[in-house]
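Here are a few notes to go with your first look at this one. Have the viewer open and follow along point by point.

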Amino acid sequence: MTDTQEQAHDEPHGGGLGTRLNWLRAAVLGANDGVVSTAGIVVGVAGATGERSTLLTAGLAGLLAGSMSMAAGEYVSVSTQRDSEKAALETEKRELRETPEAELAELTGLLEEKGLSHELAREAAVQLTRRDALRAHAEVELGIDPDELTNPWHAAGASFLAFTVGALLPLLAIVLPPTPVRLPVTVVSVLAALALTGWWSARLGEAPAGRAVLRNMAGGAVAMAVTYGAGALLGAAGV
């Protein structure tokens, strides 16, 4: 095999790639949430008042509340997933210790379901069991890599950072420009950011980008229109 062929086949394999893609997808969605929710807040407040200090306060409050909520929710969710993974591994350890022959037969059956003949599946199960029985059952039966259990702190930090980055765009767009162009700049900036996150999320999911971009932009536009209308009505009513 030539050097060029070796490079062409030098691809990442295994669960690590799927994990990285899941983290990247979560980061894109977190940033998208930060853009939409913060844009809705600051545009709604802008409908009621044009004071920069008020807009900044509302935007910062929304950014902090949203990022902390995302981080806490992700921590709880991933902690539950990690606890489930650890419990499943402990169950496998006990079953391998108490009923090794039944577990070997089970692993053989799982490998047969993947297309191997009974003889080949049995031989593969025996070799995998000799090498690392727990890893074999964890990966084939449970779809878990014992060395890469989900980390709730990583998930919480990633969600916090992604939401914060997304939220900063509408916040800066509403407070930095001069008053006459503040709202148009914010709307255009938010729609551009939503187009980007929609395109990237579609790319990660190998789905058509056009519809994803339009859906994302339409959702953000509706959110800003509704909150601006509500703010304008409240401002007109003197609330």
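1. Let's start with one side chain: is Arg135 buried, partly exposed or exposed? Keep in mind that this is a predicted model. Arg135 comes out as partly exposed, because its relative accessibility is 22%, and the cut-off for buried is under 20%.

2. Now look at who Arg135 talks to. One partner is Asp145, and the closest N and O atoms of that salt bridge are 3.2 Å apart. Arg135 sits in helix α5 while Asp145 is in the loop between α5 and α6, so this pair ties together parts that are 10 residues apart in sequence. Asp145 is partly exposed too, with a relative accessible area of 24%.

3. Arg135 has another salt bridge, this one with Asp132, at 4.0 Å from N to O. Both residues belong to helix α5 and are 3 residues apart, or about one turn of the helix. Asp132 has a relative accessible area of 35%, which makes it partly exposed. Put together, salt bridges with shared partners link Asp132, Arg135, Glu139 and Asp145 into one network.

4. Asp132 is worth a second look for another reason: α5 bends there by about 125°. You can see it in the helix ends as well. α5 covers residues 118-142, 25 residues in total, yet its end C-alpha atoms are only 21 Å apart. A straight helix would reach 36 Å at 1.5 Å a residue. Right after α5 comes Gly143, with a positive phi near 70°.

5. What does α5 lean on? Its buried residues are Ala121, Ala125, Val126, Ala133, Ala136, His137 and Ala138. These buried residues pack against α3 (52-98) and α4 (100-113).

6. Back to charges for a moment: how many salt bridges does the structure hold? The count is 5. One of them joins the side chains of Glu90 and Lys93, at 3.5 Å from N to O. Glu90 and Lys93 are 3 residues apart in helix α3, so about one helical turn separates them. Glu90 is partly exposed at 48% relative accessibility, and Lys93 is partly exposed at 39%.

7. On to the aromatics, where the count is 2 pairs. In one pair, the ring centres of Tyr75 and Trp153 are 4.8 Å apart and the planes meet at 55°, so this pair is tilted. Tyr75 is in helix α3 and Trp153 in helix α6 (residues 152-175), so the pair ties together parts 78 residues apart in sequence. Tyr75 counts as partly exposed at 29% relative accessibility, whereas Trp153, at 63%, counts as exposed.

8. The other pair is Trp199 with Trp200: their ring centres are 5.5 Å apart and their planes are at 35°, so this pair is tilted as well. Trp199 is partly exposed at 37% relative accessibility, and Trp200 is partly exposed with a relative accessible area of 26%.

9. Finally, a check against the record. An unreviewed UniProt entry lists residues 153-176, 183-202 and 217-237 under "transmembrane region". In the model, residues 183-202 are 100% helix and 0% strand, with end C-alpha atoms 28 Å apart. Residues 217-237 are 95% helix and 0% strand, and there the end C-alpha atoms are 30 Å apart.

Definitions and conventions:
Residues numbered from 1 in each chain as written. Predicted model: local features only at pLDDT ≥ 70, side-chain atom pairs only at ≥ 80, totals over all residues. Heavy atoms only, no water. Helix = DSSP H or I, 4+ residues; strand = E, 2+ residues; numbered from the N terminus. Expected span 1.5 Å × (residues − 1). Bend = angle between axes of the 7 residues up to and from the residue. Buried < 20%, exposed > 50% of the residue type's maximum accessible area, 1.4 Å probe, protein only. Contact = heavy atoms within 4.5 Å. UniProt positions renumbered as here; feature names shortened; annotations may be inferred. Phe/Tyr/Trp six-rings, centres within 6.5 Å; stacked < 30°, edge-to-face > 60°.
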